[in-house]
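Here is a note for a student who is learning to read helix packing and nonpolar cores. Please keep the structure open beside the text.

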Amino acid sequence: MKIFVVGDVVGKPGLQYLQRRLRTLKRQYGADLVIVNGENASGVGITPAQADDIFDAGADVITLGNHVWNKRQIVPYLEENCYILRPANLAPQLPGEGWGVYDAAGWRVLVMNLIGRCEMAFGPDNPFLAVDRILKQNQGQYDVAICEIHAGATSEKIAMGFYLDGRCAAVYGTHTHVQTADERINPKGSGYITDIGMTGPIWSVLGVKPEQSIAMFRGDLTEYFQTAEGECALGGAVFTIDPASGICEQVERIWDREQ
Ligand code: FE2
């Protein structure tokens, strides 16, 4: 079984690149399930129309992160559509779900979306304890478990990789928008990568126009951040998993840059 995960789609350029390339890549890698992080589709946040566009581009599941509530019109969509996830360890009264079980090649795949706590200012619940609860709650209901940890600190993501080693087939990070070169299979068989990177403009600071980011760091008067333009790339990873054992056989880092 091949699970293709795609890093944070940033703004209109990121979305258009996804629309141009995802179906080809999906075919090329023989993906059985495609999970796309969409929390930056609006720059910050995602609208229902953008979520529809990501599904139309070939995503099976959309995950989100700290910007989940920036476009409030997504709230009813989160409640109606079980294929879009927001971090599971947010306050329990909030709308939407943080995990779901989906069919892929006839197997039941549990996908979990977690958010880290380091440098995330809005006090999410402990993701380590939350993931234990989700796995326990779903015991016997899935064949393969996948966990996305949307977090800033590499330490928190690496620790999660070891914590879930042998319990999840794949653990991967999103949020920093910078792909890490540490893809590997952990000792007990979980595929792991600290961050899969972003999908959007290459000549940008995490998707934002460089001059605007520089102005902010210089302490100049700044405008509302805009997504950069020009050449794009798609960051992601493909996990090859033996669904019978729930063990990962191969992790391939994807950096697709249109020539
Ligand atoms: Fe984020």
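At what angle do helix H4 and helix H5 pack, and how far apart are their axes?

1. This is a predicted model, in which local features need pLDDT of at least 70 and side-chain atom pairs count only at pLDDT 80 or more, while totals for chains, interfaces and linings use all residues. Residues are numbered from 1 along each chain as its sequence is written, and side-chain values use heavy atoms, with hydrogens and water left out.

2. Helix H4 (residues 127–137) packs against helix H5 (residues 154–163) at about 30 degrees, and their axes lie 11 Å apart. H4 is therefore roughly parallel to H5, a term that covers angles under 35 degrees. Their crossing is right-handed.

3. On the H4 side, Pro127, Phe128, Val131 and Asp132 meet Glu156, Ala159, Met160 and Tyr163 of H5, where contact means heavy atoms within 4.5 Å. By class, six of the residues in this contact are nonpolar, none is polar and two are charged.

4. The largest nonpolar core (buried nonpolar residues joined through side-chain atoms within 4.5 Å, with buried meaning under 20% relative accessible area, 1.4 Å probe) has 34 residues, of which Phe4, Leu18, Val36, Ile54 and Ile84 touch the most other members. Among the elements that give two or more residues to this core are strand E1 (2–6), helix H2 (48–57) and strand E11 (232–242), but the largest share, six residues, comes from H1.

5. Beyond its neighbours within four places in sequence, Phe4 is in contact with residues including Leu22, Leu33, Leu234 and Ile254. Another core, of 23 residues, lies apart from the largest one, and its members include Val5, Ile35, Ala237 and Phe239.

How values were computed. Axes are lines fitted to C-alpha atoms, for helices over the stretch in contact, and angles run from 0 to 180 degrees between N-to-C directions. Helices (H or I, at least four residues) and strands (E, at least two) are DSSP runs, numbered from the N terminus. Angles under 35 degrees count as roughly parallel, over 145 as roughly antiparallel, 65 to 115 as roughly perpendicular and the rest as oblique. A crossing is left-handed if the near helix is turned anticlockwise from the far one by less than a right angle, and right-handed if clockwise. Ala, Val, Leu, Ile, Met, Phe, Trp, Tyr, Cys and Pro count as nonpolar, Asp, Glu, Lys and Arg as charged, and the others, Gly among them, as polar. Buried means under 20% relative accessible area, exposed over 50%, partly exposed in between (1.4 Å probe, protein chains only).
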